[in-house]
Amino acid sequence: MSKGGYRAPAIAAEVVSIRVPENQRKEVRVLDVAAGTGLVGKELTKKGFTNIDAVEPSDSMMKQIKSSGIYTLMFQEFLGLGQNTIPKGTYDIVVSAGAIRENHIPLSGIDDMIHFTKTGGLVVLLMNNFDVGPKNKAESHMNQLEEKGLWCKESSEILSNYFLGKEGIVFIYRVL
């Protein structure tokens with residue numbers, strides 16, 4: 001990929017793989033949120049993950065996901081409505097690359113991600129850091145969820161060259 005291209009899928013896979021020993025990657029259950037064309041799943045597969053599920057509301061994207069052969073279970077639904085069929089407390093890691101933004105996943109979708117994650121599991125969220133308004137709203141919401149005792153922030157890191165040479169940010173939370 002070019003230096004200034006969309007690097008979120010590769011970054012997401014790297015962030016996840018750093019936290020999971022190589023000998024455990026086949027057993028870890030991962031949910032790729034707003035999986036799109038399956039780029040995060042593809043990158044996770046390169047790192048040795050094999051138990052990957054996807055949630056994606058778009059018909060056209062879901063067709064691509066199904067044909068990829070990467071995902072075990074595929075859920076075609078929206079997050080943030082509180083009406084998901086995704087089992088609660090199922091996933092060791094829930095990852096979303098670039099989907100927490102206007103006209104994609106609403107902030108209430110973050111609450112859903114917590115519910116899908118096992119106690120002690122991780123939620124990994126990547127987003128741009130150049131559209132400050134939505135990022136600040138998301139960060140405020142995530143802080144409120146932490147104050148409620150639903151999760152705790154393990155780290156946040158600014159990412160250079162996240163998209164078209166602009167910055168991104170990755171947040172990592174542990175579900176309580």
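**Briefing: a buried glutamate, two cores and a strand pair**

Glu77 sits in the loop that runs between strand E3 (74–75) and strand E4 (91–97). The model is predicted. This briefing starts with Glu77, then turns to the nonpolar cores, strand E2 and Glu43.

**Glu77 and its surroundings**

- Glu77 is buried, yet it has no salt bridge.
- The nearest side chain of opposite charge belongs to Lys88, 8.8 Å away from Glu77. A salt bridge needs a side-chain nitrogen of Lys or Arg within 4 Å of a carboxyl oxygen of Asp or Glu, so Lys88, at 8.8 Å, does not form one with Glu77.
- Polar partners are present. The side chains of Glu77 and Asn84 are joined by a polar contact of 2.9 Å.
- Another polar contact, of 2.5 Å, links the side chain of Glu77 to that of Thr85.
- Asn84 and Thr85 also appear among the contacts of Glu77, together with Val55, Glu56, Pro57 and Ile86; neighbours within four places in sequence are left aside here.

**The nonpolar cores**

- The largest nonpolar core has 29 residues. Val30, Leu44, Phe49, Ile93, Val124 and Leu126 touch the most other members.
- Helices and strands both feed this core. Helix H1 (8–18), helix H2 (39–46) and helix H3 (59–68) are among the elements that each supply at least two residues.
- Strand E2 (52–55), E4, strand E5 (117–128), strand E6 (151–163) and strand E7 (166–175) also each supply at least two.
- H1 gives the most, with 6 residues.
- Leu126 has a long list of partners beyond four places in sequence. It touches Ala8, Ile11 and Ala12, and also Ser96, Ala97, Gly98 and Ala99. Leu159, Tyr162, Ile169 and Val170 complete the list for Leu126.
- A second core is separate and has 26 residues, including Ile100, Met113, Val123 and Trp151.

**Strand E2 and its partner**

- Strand E1 (residues 30–33) runs parallel to E2, and 4 bridges join the two.
- Within this pair, Asp32 stands opposite Ala54 of E2.
- E2 is covered on both faces. Ile52 and Ala54 are buried on one side, and Asp53 and Val55 are buried on the other.
- Val55 is also one of the residues in contact with Glu77.

**Glu43 in helix H2**

- Glu43 has its place in helix H2.
- Beyond its neighbours within four places in sequence, Glu43 is in contact with Pro9, Ala10 and Ala13.
- Glu43 and Asp112 are 69 residues apart in sequence. In space, their C-alpha atoms are 24 Å apart.

Note on methods. Residues are numbered from 1 along each chain as its sequence is written. This is a predicted model: local features need pLDDT of at least 70, side-chain atom pairs count only at pLDDT 80 or more; totals for chains, interfaces and linings use all residues. Side-chain values use heavy atoms; hydrogens and water are left out. Buried means under 20% relative accessible area, exposed over 50%, partly exposed in between (1.4 Å probe, protein chains only). Lys and Arg count as positive and Asp and Glu as negative; His and the chain ends are not counted. A polar contact is a pair of N or O atoms within 3.5 Å; within protein, one must be able to donate a hydrogen and the other to accept it, and residues adjacent in sequence count only if both atoms are side-chain atoms. Contact means heavy atoms within 4.5 Å. A nonpolar core is a set of buried Ala, Val, Leu, Ile, Met, Phe, Trp, Tyr and Cys residues joined through side-chain atoms within 4.5 Å. Two strands pair if DSSP finds at least two bridges between them.
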